Structures are given as structure tokens and as C-alpha cells.
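Here's a quick tour of the structure below. We'll start with a single residue and work outwards to the whole chain.

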Amino acid sequence: MRYYTCDNCGKDLSKTDSLRYTVTIHIQPNLTAPPMESEDLAEDSIGAFADMLADDETPLEIELPKAHTLELDLCPHCQSRFLADPLGRENRKIRFSSN
Ligand SMILES: [Zn+2]
């Protein structure tokens, strides 16, 4: 029998009546270039690009940032909390005392 626990709170999710949610997060670099503005096409930029192309020491291969995939098992309670605040912003808010 495979043993599952909630990756957030540690609750045992192996029982047949336990509802388990699987969260798959795929993080990949977005390599789409932002649209160019007319200032981007200034002569200095074009000249610098031409210099880079003419430079024999410029590497032809560029190492691209890697993608990552995470898979989490969550109990119903933690799944609800995750959906409400996927980045955990509420936990990072600074709380001031009322004194
Ligand atoms: Zn949980």
C-alpha cells in the first residue's frame, strides 16, 4: 500500500476515505521578449548589437534557464488554503500589535 501524507500539514491521506488533492506546479522561464519601443531602436542599441554579432568571442550557445515541476499532495483543508492564497502572502504580512 502506498502511503500518502499532506505535504503541508502532514495529515495521513492513505486511508481509503481520505480525499487527497494533487497540486502540480510547472515553473518555466518566459522567453517572450517585451515589445520594442522606438527608443529601443536607437542607433546606439543597433550599433552595440552589430558589435556583439561581429565579436568572435561571443558564445553561440546560450544556456537557457531551466523549468521545474513540483507535485504536492494536499488534504482538503490545505487545498482550500492553497487556493485562497497560493503564494502565502497572508503569512508574510507584518502584523502590528494594538498597543
Ligand atoms: Zn493538510
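## One residue to start with

This is a predicted model, and a handy way into it is His-68. With 10 other C-beta atoms within 10 Å, His-68 counts as exposed, because the cut-off for that label is 12 or fewer.

His-68 is part of strand E2. Its C-alpha atom is separated by 6.4 Å from that of Gln-28, although the two residues are 40 apart along the chain.

## The strand pair

So what does E2 (residues 68–74) team up with? Its partner is E1, and the two run antiparallel, joined over seven bridges. If you want one of the pairings to click on, try Thr-24, whose bridge partner in E2 is Glu-71.

How many of the seven residues in strand E1 are buried? The number is zero, so E1 (residues 21–27) lies largely in the open. Keep in mind when looking at side chains that, in a regular strand, they alternate between the two faces of the sheet.

## The whole chain

Zooming out, the protein has three helices and two strands. Read from the N terminus, the order of the elements is β-α-β-α-α.

Burial is scarce overall: of the 99 residues in the protein, 3% are buried. As for contacts, take those with a separation of 6 or more: 74% of them are between residues 24 or more positions apart.

Conventions: Residues are numbered from 1 along each chain as its sequence is written. This is a predicted model: local features need pLDDT of at least 70, side-chain atom pairs count only at pLDDT 80 or more; totals for chains, interfaces and linings use all residues. Helices (H or I, at least four residues) and strands (E, at least two) are DSSP runs, numbered from the N terminus. A residue is buried if 20 or more other C-beta atoms lie within 10 Å of its own, exposed if 12 or fewer, and partly exposed in between; C-beta atoms are placed from the backbone. Two residues are in contact if their C-beta atoms, placed from the backbone, lie within 7 Å. Two strands pair if DSSP finds at least two bridges between them.
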